[in-house]
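Thank you for making time this morning. I would like to walk you through one structure, taking its sheets and its aromatic rings in turn.

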Amino acid sequence: MDTQKTILAVALSVIVLLLFQAWMERESPHPATGTVATTQSTGSTAAGTPITAPPPATVAQTPTPAGLSLGGPSIPFQTRVFTGRIVLHGGGIDALGLRDYPVSVDNPAPYPLLDTQPQRLTVQQSGFVASNGEVLEPQYTAPPHNGPFGREPITLSGGVGPLKVEKTLIFQPDSYVVEERIQVTNTGTTPWSGSYFDQILRNGREESHWFMSIFTGAVLQHDGSFSKESFSDLRSHPVVRQGPGWAGMMDHYFLTAVLPAKGSPSQVYARPVGENYAAGVTVALPTLAPGQSTTIQQEFFFGPKLQQTLAGLGQGLEQTVDYGWFAVIAEPMHSLLNWFHGLTGNWGLAIVLLVVVVKALFFYPSAISYRSMANMRKLQPKLDQIRKDCGDDRQKMGPAMMELYRSEKVNPMAGCLPIFIQMPVFISLYWVLVESVSLRQAPFILWIHDLAAPDPYYILPLLMGVSMFIQQRLNPAPSDPMQKRLMSALPVVFAVFFSFFPAGLVLYWLVNNLISIGQQYFITRRILAST
């Protein structure tokens, strides 16, 4: 019995350890695997000082821009999901809000995915790089309009140097994908060669979710290989990779990405830009003879990390939703959770139904565990007698207990295996709840207005602690005073620890405990009644 209690305590501690380890791994440094670009450039600040491009890179056939200026005249646009503006100098998007995702429960303003404010700097930039490394930012003009664009394509006309440029942005009403078409004409008298780039410029702010570390940084896919590059890694290992792929910036719930046309001659990159960071795609252009034109087609994704939406784009963006070690378990759990939400319309109820399904799947392993605990409880008087007879003689006590277990056909270890079996399920659900943007600001009932945030009044953690205490009362009590104090403290420790967890995860654990209490009560009552 003492061994069983010790293993139970260790199992619960392992859960905590694994969760902490999973959080830390998301921010731990890892070496960059791409080609390192060692280039020189002029510095840049968020205030908008222009930055020159590096000279033709020694490791990249296509020069990579270091950064651009910020601000200037702009035009607004709006769709059902977006509200934002396009800056005419360069033609990038320097402000974009997500209308379906408020800033917070108390602030209904659209979440500012792109923003020029220094503390939240994230902008989309574009331009040309001549073969001599010069960065060219076209100056565009917009057609006359009476209100925000977005219900029809926006075509900007402009040029820079020998290039005449027409840039068209196409917005679909309910889509987070923006299509970009660029027509470039050489109006000069000599051939022109160079490249076109789109990039996401972001400051180095880190993101946390209560007391959990959340990965914030660049994401790249190159030749089908996906990688995450933290800002600290980019500071020492800038990345440039030749070949098809996409690049962007990711935080907890949202993604900004540049998606070039499949098969286009391009390179992806991520690197520091002064105090900020850029991730983008450079597309090589054919040499344009005087009067010759070419067209570039790309897409942007600006939106939430909804796994089905990202997977539907067919470019591997769903890999930005990180379910940790047990993704093979987490992904079907996420699908089932979504299905339950479709039935109930409430994410809290969907979590409750998910618990019921998980408990049904583990009904028999759990029954083995509870039956073992009940049998151990039946043997409690005999075990106490052995301890009394043996005193401090451990060498005599061990064989006597093992003989009692054999004669009574009780396996003291039988209650531990189901706990270890269920740990991957719990950890998988943890990542599902933490990573799911659908639960962001999702209400449950009464005081729970955001299942992705901790319970503001600590009611769910308190109830969870009480449920753990009740479970302990159904188990045989440890005879060792130290173990008894340890087990008595666990409900309090877990209640405090889980007060920092998302309310959705605490709800899962609480409902799981309540179902377990019912199952354990009836099994224990039946076995004790047969005494």
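What follows goes through two sheets and then the ring contacts. Please keep in mind throughout that this is a predicted model, and that residues are numbered from 1 along each chain as its sequence is written.

Let me begin with the sheet that has 9 strands, which is open, runs in the order 8-9-10-11-22-19-18-15-16, and is paired in the antiparallel sense. At its edges are strand 8, residues 139-141, and strand 16, residues 225-230, each of which pairs on one side only. From one strand to the next, the twist averages 20 degrees.

If you look along that order, you will find strand 11, residues 177-186, beside strand 22, residues 293-304, and these two run antiparallel and are joined by 9 bridges. One of the residues to look for here is E179, whose bridge partner in strand 22 is E299. On the other side of the order, strand 22 pairs with strand 19, again in the antiparallel sense, over 7 bridges, and there V258 stands opposite F300 of strand 22.

Now, how many of the residues of strand 19 are buried? The count is 7 of the 7 residues, 254-260, so strand 19 is largely enclosed by the rest of the structure. Its side chains can be sorted by direction, since F254, T256, V258 and P260 point one way while L255, A257 and L259 point the other way, and all of them are buried.

Strand 19 also has strand 18, residues 245-250, as a partner, and the two run antiparallel with 4 bridges between them. Together strand 18 and strand 19 form a hairpin, with 3 residues between them, and in this pairing M250 stands opposite L255 of strand 19.

The other sheet I want to show you has 4 strands, is also open, and has the order 2-3-4-5 with antiparallel pairing. Its edge strands are strand 2, residues 74-78, and strand 5, residues 107-114, and each pairs on one side only. On average, and with direction ignored, neighbouring strands of this sheet are turned by 25 degrees against each other. Strand 2 pairs with strand 3, residues 82-87, in the antiparallel sense over 5 bridges, and Q78 stands opposite T83 of strand 3.

That brings me to the rings, where a search of the whole structure finds 19 aromatic pairs. One of them is the stacked pair of F231 and Y277, with 4.5 Å from centre to centre and 20 degrees between the planes. Why might this pair be worth pausing on? F231 lies in helix 2, residues 231-236, and Y277 lies in strand 21, residues 276-284, so the pair ties together parts that are 46 residues apart in sequence. Both F231 and Y277 are buried.

A further stacked pair is formed by F300 and F302, at 5.5 Å centre to centre, with 20 degrees between the planes. F300 has a relative accessible area of 0% and is buried, and F302 is likewise buried, with a relative accessible area of 0%. You may remember F300 as the residue that V258 stands opposite.

Elsewhere in the ring contacts, F77, F82, F171, Y176 and F301 are linked by ring pairs into a cluster. Finally, there is a contact between a lysine and a ring, in which K228 lies over the face of F215, at 4.8 Å from the ring centre.

Methods:
This is a predicted model: local features need pLDDT of at least 70, side-chain atom pairs count only at pLDDT 80 or more; totals for chains, interfaces and linings use all residues. Side-chain values use heavy atoms; hydrogens and water are left out. Rings of Phe, Tyr and Trp (its six-membered ring) pair if their centres lie within 6.5 Å; planes under 30 degrees apart count as stacked, over 60 as edge-to-face and the rest as tilted. Buried means under 20% relative accessible area, exposed over 50%, partly exposed in between (1.4 Å probe, protein chains only). A charge sits over a ring if NZ of Lys or CZ of Arg is within 6 Å of the ring centre and within 35 degrees of the ring normal. Two strands pair if DSSP finds at least two bridges between them. Axes are lines fitted to C-alpha atoms, for helices over the stretch in contact, and angles run from 0 to 180 degrees between N-to-C directions.
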